[in-house]
Amino acid sequence: MNDYKVTIGIEVHAQLKTTTKLFCGCPTSFGEAPNTNVCPICLGLPGVLPSLNKKAVELAIRAALALNCEIHKKSIFARKNYFYPDLPKGYQITQYKSPLATSGKILVEGKEVRIKRVHLEEESAKLIHEKDKSLIDYNRAGIPLIEIVTEPDIDSPEMALAYLKKLQKILEFTQVSDAIMAKGELRCEPNVSVSKEEGKLGTRTEIKNLNSFRAVGRALRSEVKRQIEILERGGIVEQATIHYSEKTGKTRIGRAKEEASDYRYFPEPDLPPLVLEEEWIEEIRKSLEELPEERMERYKNLGVSEEEAKIISGSKKASKLFEETLRILNEPLEISRWLIREYRNFQEPDISAENLANIIKMVLSGKLSRINGSLVFKLMVETGKSPIEIVEERNLIQISDPEALKKVIEEVFKEQPKEFERFKKGEKKLLGFFVGEVMKKTKGRADPKEVSRILSEYEKN
């Protein structure tokens, strides 16, 4: 079965980060009581006129630029007609023949994935199915989306996941969308085919509404397996929409795949063509934030290891803290170290760059041991107090005075006479043991380097 070539293209729907809907002023806030964020426009009542949300257009342009697309100065909205309870008007306003942007590309694991198109469209309502009835929440109807469609350039479920994760980061870093899959802000519909014939695609099926990376991976693997099994039996893969069951981990055929003609598209008569000024597009281009890969390269150039640079640049929150702390304290390797070893342990807490810089300064100046630096970080997250307050309250200033340390070391020797005799006779491995005992006795306040130096003198004598 390994000689089958897998071909995948992906349609992604991403919710744009606006406060109001695409064609009316209703709020887009999540988690409101059902059917409270609605008006005659998003319900599609007779006689109403949609009015395009400028912020949604700006965000769509932002996404298209980040995906290296060609922005079209003129695009046209169309009505996509179909009857379903989640569509109160009986049609969806989308862009069909003339989309906002086309011909983009991004690199995924060293391979180019072409972006066929990016277009604006409105969200449908939410259906809630219960035992003997179905309910509809129209709060979601009219929320602004962009649809991002790739060419069939993806050759495995693993590459599909890598593409989606990269796309999610691009949308997050450009502030186009929070792209939280659990909230339905990023959903995807991959189409997949398998073929043994070189240069010829198999019959594709489209997997509907996947909203987690786990579901995408499992659904694609299941669908590839299903299609190969059909072909191996001598059967024919039917072009259809596919549903994936999280419960069984398997895909199954839903209904025959619609063609564009089934939707009877025609230009939306209540909206004029969307015409964009070049100056506005350039203004948006200049405001784009640096993307994760670009940040990673810059961090590597500062001396941060590739692995740490990748982790930090992959998180908007962590990279922001890295940048802000770097502006206060020019110690990129130390800042990276604290973000990787401490900050991530607390699931990226809200701490200020000033407080992080203060901990690092105290450690580097010898006022605070690294052990107690970690303790101060933990207490800072838990209490919200500043590092300086915590150090003063807990008396955590590092002991570096040789005479004070000698007293502690001699106390430890008295408590561990057998180990002391072995140490004096040259058993070097006990140096680490005594450093640990001194650190315990001083509750982490002793300067371990100074303790090691003093212990070495005892060893020589």
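Two residues are in contact when they have heavy atoms within 4.5 Å. Keep that in mind for the exercises below, and remember that the model is predicted.

**Exercise 1. Find out where Asn372 sits, whether Asn372 is buried or exposed, and what Asn372 touches.**

Step 1: locate the residue. Asn372 belongs to helix α11, which covers residues 370-383.

Step 2: check the cover. The relative accessibility of Asn372 is 3%. Buried means under 20%, so Asn372 counts as buried.

Step 3: list the partners. Skip residues up to four places away in sequence, and Asn372 touches Leu396, Lys443, Gly444 and Arg445.

**Exercise 2. Do the same for Ala66, and look up how far the C-alpha atom of Ala66 is from that of Ile170.**

Step 1: Ala66 is part of helix α2 (residues 54-66).

Step 2: with 8% relative accessibility, Ala66 counts as buried.

Step 3: once neighbours within four places in sequence are set aside, the contacts of Ala66 are Ile170, Thr174, Leu288 and Leu291.

Step 4: take Ile170 from that list. Ala66 and Ile170 are 104 residues apart along the chain, yet 7.1 Å separates their C-alpha atoms.

**Exercise 3. Work out what kind of aromatic pair Tyr82 and Tyr263 make, and why the pair ties together parts of the chain.**

Step 1: get the count. The protein has twelve aromatic pairs.

Step 2: classify this one. The ring centres of Tyr82 and Tyr263 are 5.9 Å apart and the planes meet at 65 degrees. Planes over 60 degrees apart count as edge-to-face, so that is the label for this pair.

Step 3: place both residues. Tyr82 is in the loop between β4 (77-81) and β5 (91-95), while Tyr263 is in the loop between β14 (250-256) and β15 (266-267). The pair therefore ties together parts that are 181 residues apart in sequence.

Step 4: compare the cover. Tyr82 is partly exposed at 25% relative accessible area, whereas Tyr263 counts as buried at 15%.

Step 5: follow Tyr263 onward. Tyr263 also pairs with Tyr265: their ring centres are 6.0 Å apart with planes at 70 degrees, so this pair is edge-to-face too. Tyr265 has 23% relative accessibility and counts as partly exposed.

Extra: for an aromatic cluster, pick out Phe413, Phe420, Phe423, Phe433 and Phe434.

**Exercise 4. Say what stands out about the phi angles of Glu109 and Glu348, and where these residues lie.**

Step 1: recall the background. Most residues other than glycine have a negative phi.

Step 2: read the angles. Glu109 has a positive phi of about 50 degrees, and Glu348 has a positive phi of about 55 degrees. Neither is a glycine.

Step 3: place them. Glu109 is in the loop between β6 (101-108) and β7 (111-122). Glu348 is in the loop between α9 (332-341) and α10 (353-364).

Step 4: check the cover. Glu109 counts as exposed at 59% relative accessibility, but Glu348 is partly exposed at 25%.

**Exercise 5. Sketch the protein as a whole from its radius of gyration, box, burial and contacts.**

Step 1: a compact globule of 461 residues would have a radius of gyration near 23 Å, but this protein has 30 Å.

Step 2: along the principal axes, the C-alpha atoms fill a box of roughly 95 × 55 × 50 Å.

Step 3: the protein contains 16 helices and 16 strands, and 48% of its residues are buried.

Step 4: among contacts with a separation of 6 or more, 67% join residues 24 or more positions apart.

Notes:
Residues numbered from 1 in each chain as written. Predicted model: local features only at pLDDT ≥ 70, side-chain atom pairs only at ≥ 80, totals over all residues. Heavy atoms only, no water. Helix = DSSP H or I, 4+ residues; strand = E, 2+ residues; numbered from the N terminus. Rg over C-alpha atoms; globule rule 2.2 N^0.38 Å. Buried < 20%, exposed > 50% of the residue type's maximum accessible area, 1.4 Å probe, protein only. Phe/Tyr/Trp six-rings, centres within 6.5 Å; stacked < 30°, edge-to-face > 60°.
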